[in-house]
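Student: I have a structure open and want to learn to read it. Can you take me through the features one by one?
Tutor: Gladly; let us look.

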Amino acid sequence: MELYEEIYEGFREARCSFLPNSGGYFEGVKGLNGFSDTEIVLLFKKSRVVVRGEQLEIKKYCDGDLQLSGRIFSVGLEE
């Protein structure tokens with residue numbers, strides 16, 4: 001876990017962890033700008049993240065933390 005903290009040092013506002021062809025966990029989410037079972041657009045303080053996949057479902061969204069289930073094929077950053 002110490003390595004995880006070193007990697008994310010300085011990135012306190014937004015973090016994401018995901019497993020290709022599986023779900024993901026996103027921290028620092030300020031809102032959503034649309035979602036479907038194939039695409040979800042997450043709004044962060046300084047950027048937008050587009051998650052594409054299939055059978056995407058928001059499992060939990062609370063206090064800026066968002067958990068997705070389904071099969072994630074790609075995660076892209078839009079500034």
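Student: How many bridges join β5 to β6, and do they run parallel or antiparallel?
Tutor: A caution to begin with: this is a predicted model. Now the general idea. Strands of a sheet pair through backbone hydrogen bonds, either parallel or antiparallel. Here, β5 and β6 run antiparallel, and 12 bridges join them. Take one residue: V51 has V75 in β6 as its bridge partner.

Student: What sits between the strands in the hairpin of β5 and β6?
Tutor: Two residues lie between the strands. Look at the backbone too: D63 takes a positive phi near 50 degrees in this hairpin.

Student: Which strand does β2 join, and through how many bridges?
Tutor: Strand β2 covers residues 24-27, and four bridges join it to β6, residues 65-78. These two strands run antiparallel. Two positions are easy to find. G24 has L68 as its bridge partner in β6. E27 stands opposite D65 in β6.

Student: In what order do the six strands lie in the sheet?
Tutor: Read across the sheet, not along the sequence. The order is β1-β2-β6-β5-β4-β3, in an open sheet with antiparallel pairing. An open sheet has edges, and the edge strands here are β1 (15-18) and β3 (31-35). Each of them pairs on one side only. From one strand to the next, the twist averages 40 degrees.

Student: Which residues make up the largest nonpolar core?
Tutor: Look for buried nonpolar side chains joined to one another. The largest such core has 11 residues. They are F26, V29, I40, L42, F44, V49, V51, L56, L66, L68 and I72. Three elements give two or more residues each: β4 (39-43), β5 (48-62) and β6.

Student: What does F44 touch, leaving out residues up to four places away in sequence?
Tutor: F44 touches A14, F26, E27, G28, V29, K30 and V49. F26, V29 and V49 also belong to the largest nonpolar core, as does F44.

Student: How many salt bridges does the structure hold?
Tutor: Look for oppositely charged side chains, with a side-chain nitrogen of Lys or Arg within 4 Å of a carboxyl oxygen of Asp or Glu. The structure holds four salt bridges. One of them joins R52 and E39, at 2.9 Å from N to O. R52 lies in strand β5 and E39 in strand β4, so the pair ties together parts that are 13 residues apart in sequence.

Student: Which residue forms a salt bridge with E54?
Tutor: That is R71, with the closest N and O atoms 2.9 Å apart. E54 lies in β5 and R71 in β6, so this pair links parts that are 17 residues apart in sequence. Another salt bridge joins the side chains of K59 and E57, at 3.6 Å from N to O.

Student: Why do E54 and R71 count as partly exposed?
Tutor: Partly exposed runs between the buried limit of 20% and the exposed limit of 50% relative accessible area. E54 has 31% relative accessibility, so it counts as partly exposed. R71 is partly exposed because its relative accessible area is 33%. The other pair reads likewise: R52 is partly exposed at 40%, and E39 is partly exposed at 30%.

Student: How many disulfides does a search of the whole structure find?
Tutor: Zero. As for cysteines, C16 is partly exposed at 29% relative accessibility. C62 is partly exposed too, with a relative accessible area of 43%.

How values were computed: Residues are numbered from 1 along each chain as its sequence is written. This is a predicted model: local features need pLDDT of at least 70, side-chain atom pairs count only at pLDDT 80 or more; totals for chains, interfaces and linings use all residues. Side-chain values use heavy atoms; hydrogens and water are left out. A disulfide is a pair of cysteine sulfur atoms within 2.5 Å. Buried means under 20% relative accessible area, exposed over 50%, partly exposed in between (1.4 Å probe, protein chains only). Two strands pair if DSSP finds at least two bridges between them. Axes are lines fitted to C-alpha atoms, for helices over the stretch in contact, and angles run from 0 to 180 degrees between N-to-C directions. A nonpolar core is a set of buried Ala, Val, Leu, Ile, Met, Phe, Trp, Tyr and Cys residues joined through side-chain atoms within 4.5 Å. Contact means heavy atoms within 4.5 Å.
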